Amino acid sequence: MPRVRFSPLVEEIHGTLYDLVFKRSPKGNMIATKRPDISKVKWSEAQQNQRQRFKQASASAKAAMANQEVRAIYEARAASENKCAYYLALSDYFQGKDLLSK
């Protein structure tokens, strides 16, 4: 369900409404697109492998965020780099850095 904030006019809208997706571009412009239908997509072997790697990276990042000591390290680094701690954990997984094993 889309969320709408009203000022004099519509100030902000994002989310989905039926087959429309409302989102903001990196430059800050509002975009309304049709929801993609990927129900009939046949994934290649490389795509399936990458999706599996991303699933493992996501599980690793969630585990890192659940560990208070590791989370503190990522949050400090995220504050200095102006990024999200979870995304830094994802990136570290793909780069082979594992703070959980230490």
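## A salt bridge within helix α2

In this predicted model, Arg77 forms a salt bridge with Glu81, and the closest nitrogen and oxygen atoms of the two are 3.3 Å apart. Both residues belong to helix α2, where they stand four residues apart, so that about one helical turn separates Arg77 from Glu81. Neither end of this pair is hidden from the surroundings, for Arg77 is partly exposed with a relative accessible area of 27%, and Glu81 likewise counts as partly exposed at 35%.

A further salt bridge is found in the same helix, this time between Glu75 and Arg71, with the closest N and O atoms 2.8 Å apart. These two residues also lie four residues apart, about one turn of helix α2, which covers residues 68–81. Glu75 is partly exposed, with a relative accessible area of 38%, and Arg71 is partly exposed as well, with a value of 31%.

## A link from α2 to α3

Arg77 takes part in another salt bridge, in which its side chain meets that of Asp92 at 2.9 Å, taken from N to O. Arg77 lies in helix α2, whereas Asp92 lies in helix α3 (residues 85–94), so this pair ties together parts of the protein that are 15 residues apart in sequence. Is Asp92 buried or exposed? With a relative accessibility of 2%, Asp92 counts as buried, because a residue is called buried when its relative accessible area is under 20%.

Since salt bridges can share partners, it helps to view these residues together: Arg77, Glu81 and Asp92 are joined into one network. The structure holds three salt bridges in total, and the protein as a whole carries 18 positive and 10 negative side chains. The centres of these two sets of charges lie 5 Å apart.

## How helix α3 packs

Asp92 is one of the buried residues of α3, a group that also includes Ala85, Leu88, Ala89 and Leu90. Which helices do the buried residues of α3 pack against? They pack against α1 and α2, and so the salt bridge between Arg77 and Asp92 can be read alongside this packing, as Arg77 lies in α2 and Asp92 in α3.

On the side of α1, which spans residues 45–66, one residue to look at is Ser58. Ser58 is buried, with a relative accessible area of 14%, and, when residues up to four places away in sequence are left aside, Ser58 touches Tyr86 and Leu90. Leu90 is itself among the buried residues of α3.

## Backbone angles in the loops and after α3

Some places in the chain have a positive phi angle, and two of the residues concerned are not glycines. Tyr18 has a positive phi of about 55° although it is not a glycine, and Tyr18 is found in the loop between β2 (10–17) and β3 (20–24). With a relative accessible area of 72%, Tyr18 is exposed.

Asn82, which is not a glycine either, also has a positive phi of about 55°. Asn82 lies in the loop between α2 and α3, and at 71% relative accessibility it counts as exposed. After α3 comes Gly96, whose phi is positive too, near 85°.

## The protein as a whole

Stepping back from single residues, the protein contains three helices and four strands, and from the N terminus onward these elements run in the order β-β-β-β-α-α-α. The radius of gyration is 18 Å, well over the 13 Å that the globule rule gives for 102 residues, so the protein is more spread out than a compact globule. Taken along the principal axes, the C-alpha atoms fill a box of roughly 50 × 40 × 25 Å.

What percentage of the 102 residues is buried? Buried residues make up 19% of them. The accessible surface comes to about 8,300 Å², and 55% of this area belongs to carbon and sulfur atoms. Finally, if one considers the contacts between residues at least 6 apart in sequence, 31% of these contacts join residues that are at least 24 apart.

Note on methods
Residues are numbered from 1 along each chain as its sequence is written. This is a predicted model: local features need pLDDT of at least 70, side-chain atom pairs count only at pLDDT 80 or more; totals for chains, interfaces and linings use all residues. Side-chain values use heavy atoms; hydrogens and water are left out. The radius of gyration is taken over C-alpha atoms; the globule rule is 2.2 Å times the number of residues to the power 0.38. Buried means under 20% relative accessible area, exposed over 50%, partly exposed in between (1.4 Å probe, protein chains only). Contact means heavy atoms within 4.5 Å. Accessible areas come from the Shrake-Rupley method with a 1.4 Å probe; for residues, only the protein chains shown count as cover. Lys and Arg count as positive and Asp and Glu as negative; His and the chain ends are not counted. The place of a charge is taken as NZ of Lys, CZ of Arg, CG of Asp or CD of Glu. A salt bridge is a side-chain nitrogen of Lys or Arg within 4 Å of a carboxyl oxygen of Asp or Glu.
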